[in-house]
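Let's take a walk through this structure together, one region at a time. Keep the picture open beside the text as you read.

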Amino acid sequence: MQAFQVAPRRSIILAISIVTLFVVLFKFYGDVPYEYYRNYGPAEPMAPIEVNNDKPQPGYFKSQPEWDFSVPPTAKGWNGYARVPKDRDVIVLTASDGGGHNSAIPNVLERVLDDRQKYCDRHGFTNLWLNTSRYDIGEAHRTWSKIPAVAEAFSLHPTAEWVWLIDTDIIIMSPDTSIVDAIIAPNAIESGLMRGTPILDGQLKDHPTNISTPSDFRVEDIDILITQDHQSVNTGSVFFRRTAFTRWILEMMTDYTMLMGKEHVGAEQDALKHLMLEHQLVRNHVGIYPQRKFNAYVQGGNTMGYRDGDLMVHFAGCWVGGKCKDWFEEFWGKKGSKEVWRPEAQ
Ligand SMILES: *[C@@H]1O[C@H](CO)[C@@H](O)[C@H](O)[C@H]1NC(C)=O
Ligand SMILES: *[C@@H]1O[C@H](CO)[C@@H](O)[C@H](O)[C@H]1NC(C)=O
């Protein structure tokens, strides 16, 4: 009799323990990629290694499977969707081969990747570094290879909804700020985009294009978020949403005969600028935010130059005066700081 009563109680306790174990396992499963631990060592930067990304592609990038990323049925038409993404479906993408002007800054790639990993951990975003050396982009300048990296990011992370492509020479200065709340969420897009603002092709006073962003738009249609400096859109910091439009524009930007294979001083940046100036359809899908929202420069007036509280600073053009290292270290020392440093009135 005694044994008869104990047995069911034991099995109930056992069953509850097993269910609890599974709940706990599944709750945390996938939160932290294993690569994170694999590379962990005391006092070492914890940059994630993309295992799919260490071999050169076997041929021209547009014929590779990574380029052919899928788009969900909700976003297959011209009219996309608008929703707040899950944090893990937001990718912070650093696409670089580690070379270029940035090599003036000691260990810049390791340092910014480690810092971006911390930013992603804080908000639950996915940090991704892709080595752009592996893309065969023909004779085109290497900076075009950021575009296949965007496609590869969508391909490697099939549930990713937004990819934030940021150059290496950028420091996230206000890591408390969530890019979802501040930039990507439908209400942020609705209230933040510049309506009827001139699209630049050189300085406005010298080269008026007479073309502006739409005076009204549907948030569902906005698939790319970008900023302009005093001369043109800048591709140092851009957001792409997984939609049919995004697939199409990545293909158009890298059209080899008309754009990528030709001499364009601003490379992929000129391609996007050209498509915006030429096509109403493109203007309807590319939203322009005020520059300091996610692309403040080291120097510049109140619309362009970094001020306390701005999300990030971009060292665009720092090589011109050989200032990259000094500027980088100065800002690196102030990241996350709440003290008054660069107030509006200078
Ligand atoms: C990127 O890949 C190329 C070719 O495989 C390699 O030479 C280069 O060192 C890699 N860059 C970094 C930063 O690891
Ligand atoms: C813009 O408008 C001005 C004034 O009408 C004109 O002089 C200029 O040529 C136009 N620019 C372009 C690129 O059409």
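**A helix under cover**

Start by picking out helix α4, whose buried residues are K146, I147, P148, A149, V150, A151, E152, A153, F154 and L156. The helix runs over residues 146–156, and with ten of its eleven residues buried it is mostly covered. What you're looking at is a predicted model, by the way. A residue is called buried here when its relative accessible area is under 20%. So what covers the buried residues of α4? Among the elements doing the job are three strands that you can find in order along the chain, β1 (90–96), β2 (126–131) and β3 (162–166). Strand β6 (233–241) is part of the cover too, along with the helices α7 (244–253) and α9 (267–278).

Now zoom out for a moment. The chain has eleven helices and nine strands. It counts 346 residues, and 50% of them are buried. Take the contacts between residues at least 6 apart in sequence: 71% of these join residues at least 24 apart. As for the outside, the chain exposes about 17300 Å², with carbon and sulfur atoms supplying 56% of that.

Next, have a look at ligand 1. Which residues surround it? They are D97, L109, W129, N131 and S133. Sorted by kind, this shell has two nonpolar residues, two polar ones and one charged one. Two places deserve a closer look. An oxygen atom of the ligand sits 2.3 Å from an N or O atom in the side chain of N131. With D97 it's the backbone that matters: a polar atom there is 3.5 Å from a nitrogen atom of ligand 1. On its own, ligand 1 would expose 360 Å², and the protein buries 42% of that.

From here, move on to the aromatic rings. Searching the whole structure turns up 17 aromatic pairs. One of them is the pair of Y306 and W341, with ring centres 6.2 Å apart and planes at 55°, so it counts as tilted. Y306 belongs to the loop between β8 (296–297) and β9 (312–314), while W341 is in the segment after α11 (324–332), so the pair ties together parts that are 35 residues apart in sequence. How covered are the two partners? Y306 is buried, at a relative accessible area of 4%. W341 is partly exposed, at 21%, because the buried class takes in values under 20%. Both rings also belong to a cluster, in which ring pairs link Y306, F315, F328, F331, W332 and W341.

W341 leads us straight to another residue, K334, which touches it along with M173 and E339, leaving out residues up to four places away in sequence. K334 is placed in the segment after α11. With a relative accessibility of 24%, K334 counts as partly exposed. The side chains of K334 and E339 are joined by a polar contact of 3.0 Å. You can also try finding D308: it is 26 residues from K334 in sequence, and the two C-alpha atoms are 9.8 Å apart in space.

Another loop to visit is the one between β7 (286–289) and β8, where you'll find Q291. Is Q291 buried or exposed? Its relative accessibility is 7%, so it counts as buried. Setting aside neighbours within four places in sequence, Q291 is in contact with T227, Q228, D229, A296, Y297, T303 and M304.

To finish, here are two residues to check for their backbone angles. N107 isn't a glycine, yet its phi is positive, near 50°. You'll find N107 in the loop between β1 and α3 (108–123), and it is exposed, with 53% relative accessibility. A267 isn't a glycine either, and its phi is also positive, at about 45°. This one is in helix α9, which you met earlier as part of the cover over α4. A267 is buried, with a relative accessible area of 4%.

Methods:
Residues are numbered from 1 along each chain as its sequence is written. Chains are lettered from A and ligands numbered from 1 in the order in which they are written. This is a predicted model: local features need pLDDT of at least 70, side-chain atom pairs count only at pLDDT 80 or more; totals for chains, interfaces and linings use all residues. Side-chain values use heavy atoms; hydrogens and water are left out. A residue is near a molecule or strand if one of its heavy atoms lies within 4 Å of it. A polar contact is a pair of N or O atoms within 3.5 Å; within protein, one must be able to donate a hydrogen and the other to accept it, and residues adjacent in sequence count only if both atoms are side-chain atoms. Accessible areas come from the Shrake-Rupley method with a 1.4 Å probe; for residues, only the protein chains shown count as cover. Ala, Val, Leu, Ile, Met, Phe, Trp, Tyr, Cys and Pro count as nonpolar, Asp, Glu, Lys and Arg as charged, and the others, Gly among them, as polar. Buried means under 20% relative accessible area, exposed over 50%, partly exposed in between (1.4 Å probe, protein chains only). Helices (H or I, at least four residues) and strands (E, at least two) are DSSP runs, numbered from the N terminus. Contact means heavy atoms within 4.5 Å. Rings of Phe, Tyr and Trp (its six-membered ring) pair if their centres lie within 6.5 Å; planes under 30 degrees apart count as stacked, over 60 as edge-to-face and the rest as tilted.
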